[in-house]
Amino acid sequence: MLEMLRNKRLVFVGDSIGRNQWESLLCMLSSAITNKTSVYEVNGSPITKHTGFLAFKFDDFNCTVEYYRSPFLVVQGRPPPGAPEEVRMTLRVDHMDWTSHHWRDADVLILNAGHWWNYEKTVKMGCYFQIGKDVKMNMTTEDAFRKSVETVIDWIASEVNTNKTYVLFRTYAPVHFRGGDWNSGGGCHLETLPDLGSLPVLSDIHFRTIFDVLSEHTSKSKVLKLELLNVTQMSLRRKDGHASIYYLGQDKGTASMQRQDCSHWCLPGVPDSWNEILYALLLKRNTTEVSL
């Protein structure tokens with residue numbers, strides 16, 4: 001894969017689950033490098049939880065593997081003048097994130113969104129949805145997410161040279177909280193095996209929205225070179241793959257049973273499989289280009 005990325009930029013953009021996948025790929029690629037000093041963060045930045053941009057260069061291959069933090073993919077910022085008092089900030093669902101000009105020229109671009117698109121992380125926090133100059137006080141999170149996906153797809157069609165840039169959208173990675181949610185005591189501790197039985201029909205709104213919007217664009221005869229990196233169903237079985245109470249680091253011990261992490265994944269682990277699929281898709285694309 002490193003040879004395939006020679007002289008190229010591979011960029012992940014999204015939330016912390018996207019960062020999870022980025023970290024996985026860094027580990028996988030660097031394991032093939034003998035001289036570890038030839039792999040480094042271009043700005044000398046340490047890998048810390050809240051850094052918004054990180055880029056690791058593999059000197060021997062003159063390639064970078066980058067991560068941009070953009071959990072919504074669209075602009076989050078101050079409300080417009082005259083907005084109601086309860087509006088502390090807005091998500092401009094018709095406007096791409098301000099940093100998008102840094103991503104669009106990547107050779108491989110992997111986008112993801114979903115985990116922040118819920119009531120608790122938006123409207124409950126005073127973050128409402130904005131289109132143009134208007135704050136849509138009654139817009140649901142589901143409708144706002146749908147509009148944001150349409151904005152992303154329109155941006156790809158108008159701003160990204162898809163003859164150069166291979167764009168993928170990674171589908172939603174399931175969470176596995178039992179007995180509550182992330183903020184209400186839900187957990188996955190002591191899960192040691194995948195779910196090998198039959199699974200219920202997937203009803204995740206994020207997964208369905210992406211497929212619906214893509215289908216609509218296809219029906220409108222819009223040519224869109226966008227590949228889905230579909231990890232949802234395969235990851236649904238892996239209730240055993242999360243950090244649970246072990247996410248604080250070796251020096252800090254375990255977290256409280258009431259504050260488990262059943263959304264992010266252990267490494268090595270499930271995101272490695274996502275990256276193996278990514279590699280297969282890159283191989284497929286390269287083979288197709290050669291045959292043409």
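User: How much accessible surface does the chain have, and what percentage of it belongs to carbon and sulfur atoms?

Analyst: Bearing in mind that this is a predicted model, the accessible surface of the chain comes to about 15,000 Å², and 52% of that belongs to carbon and sulfur atoms. Burial can be read alongside this: 47% of the 292 residues count as buried, where buried means under 20% relative accessible area.

User: What does the radius of gyration say about the overall form of the chain?

Analyst: For 292 residues a compact globule would have a radius of gyration near 19 Å, and the chain has 20 Å, which agrees with that expectation. The C-alpha trace spans about 55 × 50 × 45 Å along its principal axes. Contacts add a view along the sequence: among those between residues at least 6 apart, 73% join residues at least 24 apart.

User: How many helices and strands are there, and in what order do the strands of the seven-stranded sheet stand?

Analyst: The chain has six helices and 13 strands. As a general idea, the strands of a sheet pair through backbone hydrogen bonds, and they do this either parallel or antiparallel. Here an open sheet of seven strands follows the order β2-β3-β4-β1-β7-β10-β11, with mixed pairing. Its edges are β2 (39–41) and β11 (226–229), and because each has a single partner strand, one side of each is left without a neighbour in the sheet. From one strand to the next, the twist averages 20°.

User: Which residue of β4 is the bridge partner of A55?

Analyst: The partner of A55 in β4 is E66, and this pair can be read within the pairing of β3 (residues 53–58) with β4 (residues 63–69), which run antiparallel and are joined by six bridges. Helix α1 (residues 16–30) packs on this seven-stranded sheet, touching β1, β3, β4, β7, β10 and β11, and its direction makes about 160° with that of β4. Helix α3 also packs on the sheet, where it touches β7, β10 and β11 and makes about 170° with the direction of β7.

User: Is α1 largely enclosed or largely open?

Analyst: A useful general idea is that an α-helix has 3.6 residues a turn, so residues three or four places apart point the same way. In this case 11 of the 15 residues of α1 are buried, so the helix is largely enclosed by the rest of the structure. The buried residues include W22, L25, L26 and L29, and also R19, N20 and Q21. As for its length, 15 residues at 1.5 Å a residue should span 21 Å, and the end C-alpha atoms of α1 are 21 Å apart, which agrees.

User: What is the strand order of the four-stranded sheet?

Analyst: This open sheet has the order β5-β6-β8-β9, with mixed pairing. Both β5 (74–77) and β9 (134–136) stand at the edges with a single partner strand each, so one side of each lacks a neighbour in the sheet. Neighbouring strands are turned by 35° against each other on average, direction ignored. Within the sheet, β6 (residues 89–96) and β8 (residues 127–131) pair in the parallel sense over four bridges, and L91 stands opposite F129 in β8. Helix α3 (residues 141–159) lies across β5, β6 and β8, running at about 35° to β6.

User: Which residues does M4 touch, leaving aside those up to four places away in sequence?

Analyst: M4, which lies in the segment before β1, touches Y279, L282, L283 and N286. The C-alpha atoms of M4 and L283 are separated by 8.5 Å, although the two residues are 279 residues apart along the chain. M4 has a relative accessible area of 17%, and since buried means under 20%, M4 is buried.

Definitions and conventions:
Residues are numbered from 1 along each chain as its sequence is written. This is a predicted model: local features need pLDDT of at least 70, side-chain atom pairs count only at pLDDT 80 or more; totals for chains, interfaces and linings use all residues. Side-chain values use heavy atoms; hydrogens and water are left out. Two strands pair if DSSP finds at least two bridges between them. Helices (H or I, at least four residues) and strands (E, at least two) are DSSP runs, numbered from the N terminus. Axes are lines fitted to C-alpha atoms, for helices over the stretch in contact, and angles run from 0 to 180 degrees between N-to-C directions. Contact means heavy atoms within 4.5 Å. The radius of gyration is taken over C-alpha atoms; the globule rule is 2.2 Å times the number of residues to the power 0.38. Buried means under 20% relative accessible area, exposed over 50%, partly exposed in between (1.4 Å probe, protein chains only). Accessible areas come from the Shrake-Rupley method with a 1.4 Å probe; for residues, only the protein chains shown count as cover. The expected span of a helix is 1.5 Å times one less than its number of residues.
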